[in-house]
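Let's walk through this one together, starting with the open spaces and working towards the packed parts. Keep the viewer open as you read.

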Amino acid sequence: MRPRFAVLFAMMPTAAVPVFVGGCGSRAAPAIVYGNAVAEYIQSLERRRGEILGETSVRGTQYTQSRDWIESALLVKSGTVRTAARQSLVGMGRVGIEDIIQYIDTEEIGTSARAGAAGLLALYKHSFGFTLPAAVKAAADLATRAKEPAVRAAAAAAVGELGERSAIPELTLRLRYETSTEVCAALAVALCRLGALAGVGGLRELIHRGELEPCIVSIKFILANEGIAIAEDAEMEQFDAALAVAQRRWFETGRVSSEPLVNDPSLEIAMARVVARIGGADLRAVDDARFILSMSGAAGVPALIVALHDASVYMRVRAMEVLGILGPVARAATPVLLTMTGDPEHPAEVLVALGRIGAPEARPVLYQFADDPRIEVRVAAARGLAARPEVSMAPRLREFLTRSLPDGAAPSPDAALLCIQALIMIPETDAFAVADSLLQMEPFAAHADPAVLERALDAALARCGIADESASKPADTNEKWKRLRAATAVHHKK
Amino acid sequence: MRKLLIIIFISAGLIFIIIGLTGAFQSDGRAAPNGMAGVSSAQCMRCHADIYEEWKDSFHAGAYADPEVRKLSNDYTNEQCIDCHAPRPVLETGIDKPPLPRSARRAEGVDCLACHGDGGSIATLSKTAAGACGPRFDARLGDERACGTCHDQHFTVQEWKQTPFAKDGIGCIACHIPARDREGGAKGKNHSMPASHDERELRKVLQVKLEPFATGVKIIIKNVGAGHHFPTDERSRAADLILRWKDANGAIIKIEKVDRYRNPYRDETGASDGLPYREESPLLERRPASTLLPYGVERTYNLTRPDRAAAADFIIIYKTIPYPTDAEKILADDASFKDKKAFIIFEQTIRF
């Protein structure tokens with residue numbers, strides 16, 4: 001957008017024209033002739049112009065005929081005039097907002113002007129009580145793609161003020177990759193205002209990085225909304241702990257305050273779009289979508305349940321995967337998943353998801369499939385059982401370690417290790433007895449899932465009271481076996 | 001007494017398991033009854049011992065258990081890594097989609113079935129193959145998209161598509177699973193899959209011309225041997241071109257880090273050692289720009305000879321270790337070369 005002064009004069013309110021034309025006919029020349037006096041005069045005119053613009057802002061849409069004039073004022077030197085012009089455009093309604101969006105894209109303007117304009121996108125809601133889709137889209141785009149951190153931060157704040165929940169997935173993803181602390185704080189606060197779980201996580205991350213100050217007011221606001229008391233002189237750790245409580249609640253309910261998130265159509269549509277991406281061909285997009293969903297807690301569950309009915313096996317499997325990642329919060333998916341256990345297209349994935357969600361009604365099914373002749377299914381059932389073990393499961397887990405395999409079934413060290421790992425994680429079991437079982441698996445360690453083995457060893461060592469002696473250089477697997485052997489030997493001697 | 005009973009109970013039970021496991025891993029190799037779902041690569045070994053031997057030392061076999069991968073994935077707490085490092089058969093999940101993770105036998109990494117499995121049967125590129133596993137010809141196995149399910153996540157297949165090899169129909173298999181004569185004159189394919197950990201292959205990739213002039217030297221480097229960018233992949237692979245300027249007595253007077261060929265990972269934002277690969281790209285993709293060398297592309301450097309320099313060592317180090325460390329440190333550390341984490345793929349001295 002270029003200044004269009006000819007139009008500007010033509011459109012100007014009558015009272016202002018004589019003064020203004022006189023001064024602006026040749027702005028550079030008088031400055032040379034009259035020196036400082038003229039420069040001061042021009043400045044006074046610009047202040048006057050600011051006042052006029054301010055007036056148009058107050059009067060709102062009746063001044064839409066001045067639009068071009070105001071547009072041109074966006075690019076003058078005076079910051080006061082520019083600010084007034086931007087505000088007056090907001091006052092003009094839809095067309096004004098469109099001008100602001102165009103103005104943000106103007107190459108000539110600096111970062112602060114762009115950031116200021118981005119912030120104004122939310123002002124429309126305050127003036128008119130509703131949001132414009134164009135403003136929402138522009139603010140969300142700027143918050144996630146603007147080059148300058150200050151613009152991203154201002155736009156993120158605007159999205160938060162606009163209350164547009166369809167932007168939650170994009171903001172969540174931006175927060176994942178954002179490197180500027182200023183923007184992280186703005187994104188986290190905006191997400192919190194939108195009721196998105198990722199915002200609380202973002203605020204906690206900032207606390208861990210020692211960046212509490214930029215968002216202290218927002219944190220206090222969230223905690224007050226959640227009814228979580230925090231002392232006036234609270235330390236960083238107390239803020240973190242209080243936010244952790246809020247985070248758990250948000251994860252489980254998908255709600256902020258009394259407002260139900262999951263019934264917000266804009267959020268549901270946004271989440272459905274994210275879920276559609278988990279079935280895509282680009283693993284990055286799949287990963288990003290998984291991240292957003294795992295950061296959304298209960299809010300993403302309805303869309304994922306819908307995806308369980310998708311015609312594509314691939315989509316169904318991905319949905320199961322994410323539901324499993326969400327864990328108990330996805331319990332609403334259990335009945336649907338239970339109907340899918342017999343499906344030969346995803347016999348393993350459904351069991352892992354059920355186990356990770358951990359609903360008690362799924363356990364008999366997991367026990368049943370833990371005896372399946374198919375190794376994939378048996379290991380998946382064991383993975384499911386090991387995901388959320390509890391004391392009532394201990395007898396069955398022991399049984400799986402001692403039973404004969406179904407006829408023709410290929411044995412799996414992974415299934416055995418997962419059962420042992422589950423037993424170790426149940427505090428009521430005899431740690432050394434389970435450690436003995438684990439030690440008997442040592443000859444088969446080379447064939448086992450190394451990640452499962454490592455976790456089982458770590459859990460066994462911890463249960464047997466053997467701390468890792470050098471935290472800076474963790475023990476290798478052989479060393480862990482050695483320590484476990486030594487510990488159990490000492491225990492049995494006693 | 002109760003504890004003792006539990007121990008005896010569990011120990012007795014484990015005897016069953018041990019018997020079973022020993023059977024499976026040492027001799028028996030019973031197949032699961034439902035299709036090929038439970039078949040381990042060790043079971044394929046019974047008929048394909050030579051192929052198994054090649055595969056078991058390959059980076060496909062070590063894809064899941066590799067210590068670097070485990071470290072980077074936080075021991076697979078980052079579950080998305082499992083998709084490619086222990087995949088379900090890609091012919092089952094679709095060659096136009098990323099793979100799905102396998103639940104069992106993950107320690108086998110990219111196992112035989114990952115490429116050859118398809119429901120209840122075995123896919124092969126041989127039209128005459130026959131055997132107990134019921135092999136059947138499936139052209140998809142030779143389709144670069146099958147490799148691309150995993151390898152295109154870091155754009156390798158897309159890079160290949162820009163080369164003349166793609167137009168000529170020379171795909172991944174031509175270089176990475178090349179033909180091999182087997183015992184008895186049979187024709188086969190090399191399943192050790194020579195690639196980025198094979199020094200001999202790496203040395204074929206670059207054409208390096210050194211043209212000294214009065215005040216310096218001109219270096220021209222061209223990718224003539226890789227059917228994709230050099231190196232391909234993100235993050236893990238990198239090559240550094242360095243110069244050691246020496247005086248008349250052979251003492252090093254200056255080490256010049258000329259360039260790094262690398263495509264940083266999408267979440268990388270910080271320079272690790274000041275090498276000139278960092279260029280912020282705009283907007284959301286705010287990360288260091290890729291400096292990979294596409295096939296057929298030439299890169300030229302004009303370097304000024306420092307005072308007193310009488311000779312220069314030109315070295316290109318190829319690194320498979322994730323996150324680049326200083327090339328000089330690698331040169332000083334024999335372990336990197338012994339562990340095949342780094343290779344010197346070009347070395348030449350010029351005297352002025």
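**Pockets, cavities and packing**

The second largest pocket holds about 1100 Å³ of space. Its lining counts 39 residues, and those closest to the centre are A:I325, A:R356, B:Y76, B:T77 and B:E79. Keep in mind as you look around that this is a predicted model.

Which elements supply that lining? In chain A, helix 18 (283-294), helix 20 (313-326), helix 22 (349-357), helix 24 (375-387), helix 26 (413-425) and helix 28 (450-463) each put in at least two residues, and helix 5 (82-85) of chain B does likewise. The top contributor is helix 20 of chain A, with 5 residues. If you're thinking about the chemistry of the wall, the lining splits into 18 nonpolar, 7 polar and 14 charged residues.

Now for the enclosed spaces. The count of cavities of 30 Å³ or more comes to 2. The largest cavity has about 60 Å³ of space. Around it sit A:L354, A:G355, A:G358, A:A359, A:A362, A:R363, A:L366, A:G384, A:L385, A:R388 and A:M393. Helix 22, helix 23 (363-369) and helix 24 of chain A are the elements that give two or more residues to this lining. You may recall helix 22 and helix 24 of chain A from the second largest pocket, where each of them also supplies at least two lining residues. By residue class, the wall of the largest cavity comes out as 6 nonpolar, 3 polar and 2 charged.

The second largest cavity offers about 40 Å³. It has 10 lining residues, and A:I168, A:A196, A:L197, A:S296 and A:A299 lie nearest its centre. How many of the lining residues here are charged? None: the lining is made of 8 nonpolar and 2 polar residues.

Let's step back to chain A as a whole. It has 29 helices and 2 strands, and 56% of its 494 residues count as buried. If you take the contacts in chain A with a separation of 6 or more, 65% of them are between residues 24 or more positions apart. The chain exposes about 20600 Å², with carbon and sulfur atoms supplying 55% of that area.

Two residues of chain A are worth a closer look. Start with A:I219, which you'll find in helix 15 (residues 216-225). Is A:I219 buried or exposed? It is buried: its relative accessible area is 0%, and the cut-off for buried is under 20%. Leaving aside residues up to four places away in sequence, A:I219 touches A:L203, A:I207, A:L212, A:F239 and A:L243. You can also check a distance here: the C-alpha atoms of A:I219 and A:D240 are separated by 9.6 Å, with their positions 21 residues apart along the chain.

The other one is A:T488, part of helix 29 (residues 477-493) of chain A. A:T488 is buried as well, at a relative accessible area of 3%. What does A:T488 touch, not counting residues up to four places away in sequence? The contacts are A:F432, A:A435, A:D436 and A:L439.

Over to chain B, where you'll find 14 helices and 12 strands. Of its 352 residues, 49% are buried. Among contacts in chain B with a separation of 6 or more, residues 24 or more positions apart account for 59%. Its accessible surface comes to about 17000 Å², and 53% of this belongs to carbon and sulfur atoms.

A good place to settle in chain B is strand 11 (residues 311-319). All 9 of the 9 residues in strand 11 of chain B are buried, so the strand is largely enclosed by the rest of the structure. In a regular strand, side chains alternate between the two faces of the sheet. On one side of strand 11 of chain B you have B:A311, B:D313, B:I315, B:I317 and B:K319, and on the other B:A312, B:F314, B:I316 and B:Y318; both faces are covered.

What about its partners? Strand 8 (residues 238-246) of chain B pairs with strand 11 of chain B in the antiparallel sense over 9 bridges, and B:D240 stands opposite B:I317. Strand 12 (residues 342-351) of chain B also pairs with strand 11 of chain B in the antiparallel sense, over 9 bridges. In that pairing, B:F314 stands opposite B:Q348.

Key: Residues numbered from 1 in each chain as written. Chains lettered and ligands numbered in written order. Predicted model: local features only at pLDDT ≥ 70, side-chain atom pairs only at ≥ 80, totals over all residues. Heavy atoms only, no water. 1 Å grid on protein atoms, 1.4 Å probe; cavity = no way out; pocket = protein on both sides within 12 Å on 5 of 7 lines; lining within 4 Å. Points joined across faces, edges and corners; volume = space filled by probe spheres on them. Helix = DSSP H or I, 4+ residues; strand = E, 2+ residues; numbered from the N terminus. Nonpolar A, V, L, I, M, F, W, Y, C, P; charged D, E, K, R; others polar. Buried < 20%, exposed > 50% of the residue type's maximum accessible area, 1.4 Å probe, protein only. Contact = heavy atoms within 4.5 Å. Areas by Shrake-Rupley, 256 points an atom, 1.4 Å probe, with all protein chains shown as cover. Pairing = 2+ DSSP bridges.
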